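Here is a walk through one protein chain and its ligand, written for someone who likes to know the cut-offs. Have a look at the model first, then read on.

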Amino acid sequence: MEDLGNIRRDYNKFKLDESSINKNPFDQFKIWMDEGLKGDFYEPTAMVISTVNSEGRPSSRVVLLKSYDEHGFVFFTNYLSRKGTDIAFNPYGSLIFYWDKFERQIRIEGKIEKVTPEESKAYYDKRPYTSRIGAWASEQSQPLKSRFTLIRKVVKLMMKHPINVPLPDFWGGYRLVPDEFEFWQGRENRLHDRFRFKLIDTKKWEIERLSP
Ligand SMILES: Cc1cc2nc3c(=O)[nH]c(=O)nc-3n(C[C@H](O)[C@H](O)[C@H](O)COP(=O)(O)O)c2cc1C
């Protein structure tokens, strides 16, 4: 078996410093996201979202970022899923973006809220027909007897909604509203650049360099 401890890469492609970092974390996020979008990644908008349940136990999964602006970062899911149940109990969450060949990570923390039903519907209506049916068919995170059970449900739903598929009330968007960001740029000899932004007084972002 390969000794994973022997895998070692040096990070030396880019740097991030006090003069080059944008003082607004959303603008800095946009700079890196735009580069990610042009970077020939398979899923440049993939992010890990971590939530915490009522017993204090964290869990993480990948979702896709569907929009962002100065109000926060939006993804769509089933509100009754494991993450949905966690968020209903504890609205705090954290996001990770990682673009490996750029040697970059972004951490974002904050409070998660539901987007409005109008925002959910606007996005839902843009999804392909089969994805809209899929949202109805999947009781996300619940045990499923067999794949056949799911397919049978999909077929029934297609007969019920041959053209217009309404937005399920258990499906929609969440927005993570950040109060903290961290931009991490890999550097030589593990002496990486890290900058943390913390929201002070709901308006001003305080920037600090952190030890790698
Ligand atoms: C690349 C990728 C993208 C995904 N995008 C989403 C998404 O946008 N929304 C979603 O609900 N699940 C998405 N998933 C599935 C989730 O990782 C997860 O399996 C699902 O949301 C159930 O999570 P939960 O049981 O913790 O609620 C994606 C998975 C991968 C690997």
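Helices (H or I, at least four residues) and strands (E, at least two) are DSSP runs, numbered from the N terminus. With that in hand, Arg190 can be placed in the loop between E7 and strand E8 (193-200).

A word on what you're looking at. This is a predicted model, in which local features need pLDDT of at least 70 and side-chain atom pairs count only at pLDDT 80 or more, while totals for chains, interfaces and linings use all residues. Residues are numbered from 1 along each chain as its sequence is written.

## The overall picture

The protein chain has five helices and nine strands. Going along the sequence, their pattern reads α-β-β-β-β-α-β-β-α-α-α-β-β-β. Along the principal axes, the C-alpha atoms of the protein chain fill a box of roughly 60 × 50 × 40 Å.

Burial here is a neighbour count: a residue is buried if 20 or more other C-beta atoms lie within 10 Å of its own, exposed if 12 or fewer, and partly exposed in between, with C-beta atoms placed from the backbone. On that basis, 23% of the 212 residues of the protein chain count as buried.

Contacts use C-beta atoms too: two residues are in contact if these atoms, placed from the backbone, lie within 7 Å. Take the contacts in the protein chain between residues at least 6 apart in sequence, and 60% of them join residues at least 24 apart.

## Around the ligand

Which residues are closest to the ligand? They are Arg61, Thr77, Ser81, Arg82 and Ser141, out of 15 residues that surround the ligand. A residue is near a molecule if its C-beta atom, placed from the backbone, lies within 6 Å of it.

Strand E2 (58-64), strand E4 (72-78) and helix H2 (82-89) each supply at least two residues of this shell. E2 has the largest share, five residues.

For the chemistry, Ala, Val, Leu, Ile, Met, Phe, Trp, Tyr, Cys and Pro count as nonpolar, Asp, Glu, Lys and Arg as charged, and the others, Gly among them, as polar. Sorted that way, the shell around the ligand has six nonpolar, five polar and four charged residues.

## Where H4 meets H5

The axes of helix H4 (residues 129-137) and helix H5 (residues 147-160) come within 9 Å and cross at roughly 120°. Those axes are lines fitted to C-alpha atoms, for helices over the stretch in contact, and angles run from 0 to 180 degrees between N-to-C directions. Angles under 35 degrees count as roughly parallel, over 145 as roughly antiparallel, 65 to 115 as roughly perpendicular and the rest as oblique. H4 and H5 are therefore oblique to each other.

The crossing of H4 and H5 is right-handed; a crossing is left-handed if the near helix is turned anticlockwise from the far one by less than a right angle, and right-handed if clockwise.

On the H4 side, Ile133, Gly134, Trp136 and Ala137 do the touching, and they meet Leu150, Lys153, Val154, Leu157 and Met158 in H5. By class, this contact has seven nonpolar, one polar and one charged residues.

H4 also has its share of buried residues: Arg132, Ile133, Ala135, Trp136 and Ala137. What covers them includes helix H3 (117-124), H5 and strand E7 (171-185).

Back on H5, Met158 has its C-alpha atom 9.8 Å from that of Ala137, 21 residues apart along the chain. For Lys153 and Phe26, 127 residues apart along the chain, the C-alpha separation is 41 Å.

## Some single residues

Here are some neighbour counts side by side.

| Residue | Other C-beta atoms within 10 Å | Status |
|---|---|---|
| Thr45 | 16 | partly exposed |
| Lys153 | 17 | partly exposed |
| Met158 | 15 | partly exposed |
| Arg190 | 10 | exposed |

Thr45 sits in the loop between helix H1 (25-37) and strand E1 (46-52). Not counting residues up to four places away in sequence, Thr45 touches Leu64 and Leu65.

Arg190 has a positive phi of about 65° although it is not a glycine. Asp201 also has a positive phi, near 55°, in a residue other than glycine. Asp201 lies in the loop between E8 and strand E9 (204-209), and with 6 C-beta neighbours inside 10 Å it counts as exposed.
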